[in-house]
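Subject: Structure handover

Hello,

Here is the structure we talked about, with the sequence. My notes on it follow below.

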Amino acid sequence: TGASGSQVGYDVSPFAEKGTVHDGRQAMPLLYDNSATPFLSEAERTFTPAQDWTVGGADSLSLYFQGLADNSAEGLYVTIRDSAGKAATVAYSNPAATTATGWQQWTIPMSEFLSAGVKMNAVKSLVIGVGNKSAPVKGGAGTLFIDDIGYGRPAR
């Protein structure tokens, strides 16, 4: 995204990760480098047309991530932007999320975005970022795997 220090996918085929997957046959490798300004690494998916993520009473966004032991310790965040341009960012609770060596499920209540005025029935883009969005600082580099991004209602 813009001038961030990220790359989605590998340089050579197969571009997706085939060995480290949570479910299915592939995961998204997110290579990050926060050593230079803007000290953030982002991957953005834009939806045309905007998507309604409230279908079926959905109230949560969920994704799985896994890092590598030798990654630099960085935070993880998700930003949702609606079709009116309103955006909100939610940070993962562990500021060293990128060092988690097993799959971690992150479930975010949609109320986190709704309370900031984001229309979850008009989602225009989803950003997965590495670093500290609210206070970027120089960091390091590594690889993060993302898998099974979805929205719905968590099992109770």
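W53 is buried in this predicted model, at a relative accessibility of 3%. A search of the whole structure turns up four aromatic pairs. In one of them, W53 and Y151 are stacked, with 5.3 Å between centres and 15° between the planes. This pair connects distant parts of the chain, since W53 sits in the loop between β3 (41-51) and β4 (60-66) while Y151 belongs to strand β9, 98 residues apart. Unlike W53, which is buried because its relative accessibility of 3% falls under the 20% cut-off, Y151 is partly exposed, with a relative accessible area of 39%. Together with F47, W53 and Y151 make up one aromatic cluster.

Another pair is Y92 with W106, in an edge-to-face arrangement: 5.2 Å centre to centre and 75° between the planes. Y92 lies in the loop between β6 (87-91) and β7 (104-109) and W106 in strand β7, so this pair ties together parts that are 14 residues apart in sequence. Both Y92 and W106 are buried.

The other item is a charged residue. D147 is located in strand β9 (residues 141-152). What is the nearest side chain of opposite charge to D147? R25 is, at 11 Å, and D147 has no salt bridge although it is buried. Setting aside neighbours within four places in sequence, D147 is in contact with V21, H22, D23, Q26, A27, L63, Y64 and W103.

Regards

Conventions: Residues are numbered from 1 along each chain as its sequence is written. This is a predicted model: local features need pLDDT of at least 70, side-chain atom pairs count only at pLDDT 80 or more; totals for chains, interfaces and linings use all residues. Side-chain values use heavy atoms; hydrogens and water are left out. Helices (H or I, at least four residues) and strands (E, at least two) are DSSP runs, numbered from the N terminus. Buried means under 20% relative accessible area, exposed over 50%, partly exposed in between (1.4 Å probe, protein chains only). Lys and Arg count as positive and Asp and Glu as negative; His and the chain ends are not counted. A salt bridge is a side-chain nitrogen of Lys or Arg within 4 Å of a carboxyl oxygen of Asp or Glu. Contact means heavy atoms within 4.5 Å. Rings of Phe, Tyr and Trp (its six-membered ring) pair if their centres lie within 6.5 Å; planes under 30 degrees apart count as stacked, over 60 as edge-to-face and the rest as tilted.
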